[in-house]
Amino acid sequence: MANEKTSIKSLVGRRRWLPRFVLSGERTLHRRYIPFTRRTWFQGYAKANPRDLAREYKLDDKRPWFWLIGLIGALAIPILVGTNLILTAATTFALFSAINLMWMLVIGTAGIFSLATLAVVGASAYLTAWLSIDYGITWPMMLVLGTLIGLIFGVIIGLPALRIDGLYFALLTMGMVELCRVYVVSSKTFGVVTGGLYGADSFIPVAWQHHTPGLILGYVAAFCLVLLMLGVYRLVNGQRLGLLLATARESEATAEAIGINYHLARFTVFLISSAGLGLIGGFYAAYYRGASPALFSIDMVMLMFAMIVIGGIGRAEGAVVGTAVVVFIDKIFIEYGPIRLIVIGFIMLAVTLFARNGLLGIRAQFIEFRNKKKSERRAQRTEKGGEALPEEATEIRDKDHLYFLRFDKRLRDHLKTLITPEVIEEHRVKPLGQHSDALERVLNYFRRAGGENKYVLYEIKPGFEYKVIATTGIKGLLPWDVDDVVYTDKNEALHAVFLKRVQDLMES
Amino acid sequence: MDMFTLMSGLQLTCIYGILAIGVSIIWSSLGMLNLAHGFTFAASGYGAWWAATTFSKSAWVVFGAGISTGALIGIVIYFVAFLYIHDRPNYPIRALIATMAINLIGVQTLMWVFGPRMKPLPKVFGSGVMKLGDVIMTYGQMGTVVCSVGVLGALLIWLGFSRRGLEIRAVMQNPEGAALVGISLRTTALWVMALTGALAGLAAILLSQTFYVSPYAGLQPLIKGLIVALLGGLGSIGGAMIGAVIIGFAEAMTAAYLGGQYVLMVQFGMIIVILLLRPRGIAGLLDEAREE
């Protein structure tokens, strides 16, 4: 049975693909929306697989599934592995993912090259840690105040963005980072001696600190933060604001011409992303019980930029995957020293040079490349073989005819391989009656041909003299003589017609 | 302002000027913000140090090795970050990221090969002190100022009067127009990268008269070069010189009167003010013109 099925698969069509997701037609599909989106889990379309004609169901959009599986994996694997190294690395990954998601709103959706992301996180972390140490606020208040501090920073960063753009804005924000760093490093309040500010309140109980339960709690909390930031990213990027920003990103003049107040949109996105970053800063202080000046270093900004670039600018999954790749290399291979940064650098370089939009853009780029090569090959093809060339095809109105021509050509190509001296000999010996499979296929093809220039047998004297003629296929127009050989044997004459047809087939 | 502050301000101005002009020329002719300039700087320092410890401590060897290392690194950057992507979509941002990656790879490779310890360069100008009336200056400061003024003057003359300089200026003004009159962008870009790399190598040796050679030595000069180039307005050599004067003297005076830790703070404060007043730098117009 299995054998029969594979044989069918090898005979029908030239598609290499096999069904990936088969459903019976009767089964009802869940059509409920995924909450807060307009996607459903199973939205798709049914079609017959060209390979084996089985009914298959293709999903329109597999991304919800990838997200679900990816997120469950990201949550479960570090907890199941459970070593402290992996848990710490996973928490770093979650924190950086959250930051990168907010950064992506500015750098991807709005297309503004801001480097002040970490400065907002750092400022919020420092201020909340300081408030917690000196005024004893608890960690939920740290999160709330962190968000407020982020909002204030959003105003500070967003206002110059109304006037300055491009590299000049990047320089300005880099200046802000440097100002914060120098202030923090030299300020007595923020721990110039200890190299950081520590001792803030945390959501992890003191007894659990630096132990596996505490690390797991920390990771789960950071994971929830990523989920929250994914939600914010979606709300901004997938909704009206994201559309306005994308329009202004592509062309400010167009945006202005169609009445988009892109200054306001940019200011809003700065507020939103900075509030998110402030919240992350508050969380950072509550997780590490403080903050360190490393948050402001240029190296860190570069590393985070590498994450975004490797994943692909302008998409949430890019921020998360890029972060995962870089954090994995950076934290797991920590004993290799500078080599791991060199590896990250090479990945970044390769992605920039060869991938148009990061690791996650490779699939689309490959499909585009394959289509380009396909059409190049089609354009280069000089052999016609009865098939309509692309430029002829546009002139033919009946598109069915094009497919017939293509089919016919393929059929003839196949039949040519069947014609061997043995087959011809077989026909010579026995023109009529039962034949081998190959000969039968060839004869069937000949019989099915239209009347135009078709070789037929003409009986000059029934039973005694025969010759080969060709019909014109046009009513009222007489057949024409092909040659003047006269055959006395009917079988010999039939074989002569067969040879003529074979010759034409081989020459086509 | 005392004479010492003036002299160190002048010295910094010269070095930042050399770096900023490199960044500025690359941006306006190649449309690429070269973030690997800092790596070129650091690598040239190592090249000079290697030549000085292996062959001889004479000034010619040190300068020759530093400048040729810089030019070589510039050519490497040209092949990696410019040649393959310069006619592909999204070129400016990709070139920026590629040079950033080269910087990361290069600096970490230096760290890996030579270790984090700092290396001293020989004092190529000697270590004496010279008196001109009231003014006291070290040979190092003298040499730096004379050398960089000389090189920058020669560069401007070369850009203004030689055929290759004319080509570079044509590409800076309008790459398409230059291509239409038969100037090869690729050849010119190769020259520009080698030239600016050599300039970075020169700056590395001049700065290493007061500081040491280390893997991260390029970061601060790169930031300063970028600041100066952006402050002056990308693509304008005159603007870069004005920017270098402002930043160099601001740094010297802050260090003298407020203390070293406030240098970057004051500089960036000034930049924020200047950029808010003139969003495209002091002399910047070209950025707008480069948009396609």
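**Note on a predicted two-chain model**

1. A:Ala470 stands opposite A:Trp480 in β7(A). The structure under review is a predicted model, and this pair belongs to the junction between strand β6 (residues 465–471) of chain A and β7(A), where 2 bridges join antiparallel strands.

2. The wider setting of that junction is an open sheet of 3 strands in chain A, with the order β5-β6-β7 and antiparallel pairing. β5 (454–461) and β7 (480–481) of chain A stand at the edges; each has a single partner strand, so one side of each is left without a neighbour in the sheet. As a general point, strands of a sheet pair through backbone hydrogen bonds, either parallel or antiparallel.

3. A helix accompanies this sheet. Helix α19 (residues 490–507) of chain A lies across β5 and β6 of chain A. Relative to β5(A), α19 runs at about 155 degrees.

4. A second strand pairing in chain A deserves separate mention. Strand β1 (residues 44–48) is joined by 5 bridges to strand β2 (residues 55–59), and the two run antiparallel. Within this pairing, A:Gly44 stands opposite A:Leu59 in β2(A). How many of the 5 residues of β1(A) are buried? The count is 0, and the strand is accordingly described as hardly covered.

5. The overall dimensions of chain A should be read with its fold content in mind. Its secondary structure comes to 19 helices and 7 strands. The C-alpha trace spans about 120 × 55 × 50 Å along the principal axes. For 508 residues, a compact globule would have a radius of gyration near 23 Å, whereas chain A has 36 Å. Buried residues make up 33% of the chain. Among the contacts of chain A with a separation of 6 or more, 67% are between residues 24 or more positions apart.

6. Chain B can be described in the same terms. It has 12 helices and 2 strands, arranged along the sequence in the pattern α-α-α-α-β-β-α-α-α-α-α-α-α-α. Its C-alpha trace spans about 55 × 45 × 35 Å along the principal axes. What radius of gyration does chain B have, set against that of a compact globule with 292 residues? The value for chain B is 19 Å, which agrees with the figure near 19 Å for such a globule. Of the residues of chain B, 51% count as buried. Residues 24 or more positions apart account for 75% of its contacts with a separation of 6 or more.

7. The contact between the chains takes 27 residues from chain A and 31 residues from chain B. On the side of chain A that touches chain B, α6 (166–186), α11 (298–311) and α13 (338–354) each supply at least two residues. By class, that side of chain A has 19 nonpolar, 5 polar and 3 charged residues.

8. Confidence values close this note. The predictor gives the complex an ipTM of 0.86 and a pTM of 0.77. Chain B averages a pLDDT of 83, and 96% of its residues score at least 70. In general, where pLDDT is low, the predicted coordinates should not be read in detail.

Terms used: Residues are numbered from 1 along each chain as its sequence is written. Chains are lettered from A and ligands numbered from 1 in the order in which they are written. This is a predicted model: local features need pLDDT of at least 70, side-chain atom pairs count only at pLDDT 80 or more; totals for chains, interfaces and linings use all residues. Two residues are in contact if their C-beta atoms, placed from the backbone, lie within 7 Å. Helices (H or I, at least four residues) and strands (E, at least two) are DSSP runs, numbered from the N terminus. Ala, Val, Leu, Ile, Met, Phe, Trp, Tyr, Cys and Pro count as nonpolar, Asp, Glu, Lys and Arg as charged, and the others, Gly among them, as polar. A residue is buried if 20 or more other C-beta atoms lie within 10 Å of its own, exposed if 12 or fewer, and partly exposed in between; C-beta atoms are placed from the backbone. Two strands pair if DSSP finds at least two bridges between them. The radius of gyration is taken over C-alpha atoms; the globule rule is 2.2 Å times the number of residues to the power 0.38. Axes are lines fitted to C-alpha atoms, for helices over the stretch in contact, and angles run from 0 to 180 degrees between N-to-C directions. pLDDT is the predictor's confidence in each residue, from 0 to 100.
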